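Grab a pencil and work through these short exercises. Try each task yourself before you read its solution.

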Amino acid sequence: MTQQDWEAYVDGMAALQGLTLDPARRAETAVQLERIAGMAQLLDEFPLQAEVEVAPVFQP
Amino acid sequence: MSLPDTARECAAMVRDGRASALEITGAILARTAALDPVINSHTAVLHERALSEARAIDGLRARGEPLPPLAGVPCTVKNLFDLQGLTTLAGSKLRIGAPPAVRDATLVRRLHGAGAVFTGALNMDAYAYGFTTENTHFGVTRNPRDLSCVAGGSSGGSGAALAAGLTYCSLASDTNGSIRVPSSFCGVFGLKPTFGRLSRSGSFPFVPALDHLGPLARNCGDLALAYDLLQGADPDDPACANRAIETTVPTLDSGVQELRIGILEGHFEQWADADARDAVVRAAAALGATDHVTLPEAHRARAAAFIITATESGAFYLDELRSRPEDFEPLSRERLTAGALLPAAWYQRAQRFRSWFRAAAREVFQHYDLLIAAATPCTATPVGAETMVLNDTTLPVRPNIGLLTQPISFIGLPVAVAPLWTSRNMPIGVQLIAPPWREDLCLRAARALELAGLARSPVANPSV
């Protein structure tokens, strides 16, 4: 995804969520999204077996 | 009067009649008035409440009634804890003008019941979303160890008030490192208990899946005592475990001789600078630890914690992001905005990874009773710093100070932070990480470092 792709994603999702973003906020939100997407990639590439479930009330 | 070093000595002085609670409280309020204009650790000084609580303690003594363990000890809270009659700010301009709290938070009530006197509500990063307490609306909290540096965050007010001798115990929260980072930067002791150990009822939420509360203090004895008094189930917090109180004070001085202690490597070495690595080496030597241990996929754990944090906090603030974006903290507004726009699949994957990582940690704890890592990648960073260099990599400061704390709180492990000191006489904390529900081990290890003279938290006297 390019910076333009991220800004397009922000435009679509912000409209869906009812958020109005000025150009500076739009650009910075795209930067933040790109950073988080890098982290999501780390998780996406890590295989999890089907039996690994979330803990609805987390008890360590 | 000259203030005693510890909370326990404070209470003993009141009990023995060497000082009244009112005198001690007055001395703390005077010190706060003198130092806090520069440090900016407080957003509210609770003169009336503190004096009234102190008089009540002095009244108990005058009537010959037994005094509770923290009788007359001045304490403070991060301003996300409810204090009756005060608006709970959570560091946020958005909250100004919200109705005042109708009663104290559960943990405040517990310390109040133990005789504590509440003298202040303390500054924090807005929403608890930050590691530096550079709060644009309420001002930056400065580090009493070096006023040109940040106090760390998000509980920076708690770390700074303790380091400056403005309080004996401070209640704070830790979602990704917010107790441990200011403990490290300000050179104080902190405890982030097991997820679910302490009630969050009456505290303002940030990331409910990851929020923990806990105490900070200037020595292990005070920290363990406060923690023991804070424990107990609470049906008002559904995430609070229904566990009996497991006291830590009785075993605090037991040492670590029989404990199997591992030094975390990989991610935890990679993102630690020379000061941080040296602190770990010294702590490990003092605790007799020689094994190096990997907590597998810690970098992915950190990523998952980041995604859960962004998603939950972004969703929580979505209404106000729509209606009054101009009132948000500029340092975190777009992080929150991005969090409100993330695919749900990312969140769900992060939550599933949390279960995987918990299992991996359980496996490590089959072989070890305690793990050591630095609490922060480096010592306190300068106010206003945008980037830091860690082992030849330049990183943005604010999102990355929690690199070493996030993987641990992600799975709710209990951690004590003990402050060590560099050759430049700046503090840096080490994390002492135990299996779930073994806060006693964290505190014993911190106490062992304190007894060895390595970990200490003297009161700073910054010139103002």
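**Exercise 1.** Does A:Thr20 count as buried or exposed?

*Solution.* Keep in mind that you're looking at a predicted model. Start with the place: A:Thr20 sits in the loop between helix H1 (3-17) and helix H2 (23-44) of chain A. Next, take its relative accessibility, which is 69%. The cut-off for exposed is over 50%. So A:Thr20 counts as exposed, with its 69%. As an extra step, look along the chain to A:Leu42: the two residues are 22 positions apart, and their C-alpha atoms are separated by 30 Å.

**Exercise 2.** Find out whether the radius of gyration of chain B agrees with that of a compact globule.

*Solution.* First, count residues: chain B has 464. A compact globule with that many residues would have a radius of gyration near 23 Å. Now compare: chain B has 20 Å, so the value agrees. Then look at the box filled by the C-alpha atoms, which is roughly 60 × 60 × 45 Å along the principal axes. Finally, check burial: 67% of the residues of chain B count as buried.

**Exercise 3.** Which residues of chain B are joined by a cis peptide bond, and what is omega there?

*Solution.* Begin with the usual case: most peptide bonds are trans. Here, though, B:Gly153 and B:Ser154 are joined by a cis bond, with omega at about 10 degrees. Now place it: B:Ser154 belongs to the loop between strand E7 (146-150) and helix H5 (156-163) of chain B.

**Exercise 4.** Describe the backbone angle phi, the place and the burial of B:Ala90, then do the same for B:Trp437.

*Solution.* Remember the general pattern: most residues other than glycine have a negative phi. B:Ala90 isn't a glycine, yet its phi is positive, about 50 degrees. You'll find B:Ala90 in the loop between strand E2 (74-78) and helix H4 (106-113) of chain B. Its relative accessible area is 2%, so B:Ala90 is buried.

On to B:Trp437, also not a glycine, with a positive phi of about 70 degrees. B:Trp437 lies in the loop between strand E17 (427-433) and helix H16 (439-451) of chain B. The cut-off for buried is under 20%. With a relative accessible area of 13%, B:Trp437 is therefore buried.

**Exercise 5.** How many helices and strands are there in chain B, and what is its average pLDDT?

*Solution.* Chain B holds 16 helices and 17 strands. Its pLDDT averages 97, and 100% of its residues score at least 70. For the model, ipTM is 0.94 and pTM is 0.98.

Notes: Residues numbered from 1 in each chain as written. Chains lettered and ligands numbered in written order. Predicted model: local features only at pLDDT ≥ 70, side-chain atom pairs only at ≥ 80, totals over all residues. Heavy atoms only, no water. pLDDT = per-residue confidence, 0-100. Helix = DSSP H or I, 4+ residues; strand = E, 2+ residues; numbered from the N terminus. Rg over C-alpha atoms; globule rule 2.2 N^0.38 Å. Buried < 20%, exposed > 50% of the residue type's maximum accessible area, 1.4 Å probe, protein only.
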